[in-house]
Amino acid sequence: MTEPVTFTTPSIRRRLTCMLYEGMLLFGLVFITGFLFDVLTQSRHALLHRHTRQGFLFLVIGIYFVYCWTRSGQTLAMQTWRIRVTDLDGKPLPRIKAVVRYVLCWMWFLPAMALAFQFSLQKTETVIALFAGVAGWAMTALLDPERQFMHDKLAKTRLTELPAAAKSDHAE
């Protein structure tokens, strides 16, 4: 008989640290694509192009995540932190699951952004709402026996920790 496959879920701290690193990488992606968008559209009317630009950036970020998750199961940050996203059986994500997961990942931020918009919160209040929303969403992992985040449960995906690469002996 074959033993059932066991998956090691990365700690919440490890996943949140990976997300911070991902945010730094996304800053570069958003900066470059935003600049290209402005140059290509010759944006002179910032208010007219604001929503179009935001939609464009949403798509670019989505393409980055979906491509990485379906190709190797890892973004650049996930490679650094040895984290992989798979389906519940440990198989690579099909494109549709990757898209669903991407959309559901926005639940980290959308409730706070909606509150900020609805109540016309100032910058400091908006940042506090965002931190509270992220902390609240992170705590959903504490409610799950496998410690998966809510968006992974809803998308039927999982994050697994990859073993550290074995160090080779360099005999000279």
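**Exercise 1. Is Arg53 buried, partly exposed or exposed, and what is its relative accessibility?**

Solution. The model is a predicted one, in which local features need pLDDT of at least 70 and side-chain atom pairs count only at pLDDT 80 or more, while totals for chains, interfaces and linings use all residues. Residues are numbered from 1 along each chain as its sequence is written, and side-chain values use heavy atoms, with hydrogens and water left out.

Step 1. Buried means under 20% relative accessible area, exposed over 50%, and partly exposed in between, with a 1.4 Å probe and protein chains only. Arg53 has 28% relative accessibility, so it counts as partly exposed.

Step 2. Arg53 forms a salt bridge with Asp38, the closest N and O atoms being 3.1 Å apart; a salt bridge is a side-chain nitrogen of Lys or Arg within 4 Å of a carboxyl oxygen of Asp or Glu. This pair links distant parts of the chain, with Arg53 in helix α2 and Asp38 in helix α1, 15 residues apart. Helices (H or I, at least four residues) and strands (E, at least two) are DSSP runs, numbered from the N terminus. Asp38 is likewise partly exposed, because its relative accessible area is 29%.

**Exercise 2. Describe the salt bridges of Glu161 and Asp144.**

Solution. Step 1. By the rule for salt bridges, the count comes to six. One of them joins Glu161 to Arg82, with the closest N and O atoms 3.9 Å apart. Glu161 lies in strand β2 and Arg82 in the loop between α3 and β1, so that the pair links parts of the chain 79 residues apart. Glu161 is partly exposed at a relative accessible area of 27%, and Arg82 is partly exposed at 28%.

Step 2. Asp144 forms a salt bridge with Lys153, the closest N and O atoms being 3.2 Å apart. Asp144 is buried, with a relative accessible area of 9%, whereas Lys153 is partly exposed, with 38%. Through salt bridges that share partners, Asp144, Glu146, Lys153 and Arg158 are joined into one network.

**Exercise 3. Locate Val85 in the nonpolar core and in the strand pairing.**

Solution. Step 1. A nonpolar core is a set of buried Ala, Val, Leu, Ile, Met, Phe, Trp, Tyr and Cys residues joined through side-chain atoms within 4.5 Å. The largest core has 17 residues, of which Phe65, Trp69, Met78, Val85 and Tyr102 touch the most other members. Two or more residues each come from α1 (12–41), α2 (46–71), α3 (76–80), β1 (83–87) and α4 (95–105), and the largest share, six residues, comes from α2. A second, separate core of five residues includes Trp137, Ala138, Ala141 and Phe149.

Step 2. Leaving aside neighbours within four places in sequence, the residues in contact with Val85 (heavy atoms within 4.5 Å) include Trp69, Met78, Leu93 and Leu159.

Step 3. β1 and β2 pair in the antiparallel sense over five bridges, where pairing requires that DSSP finds at least two bridges between the strands. Val85 stands opposite Leu159 in β2. Four of the five residues of β2 (residues 157–161) are buried, so this strand is largely enclosed by the rest of the structure.

**Exercise 4. State where Val100 lies and how accessible Val100 is.**

Solution. Val100 is found in helix α4, and at 34% relative accessibility this residue counts as partly exposed.
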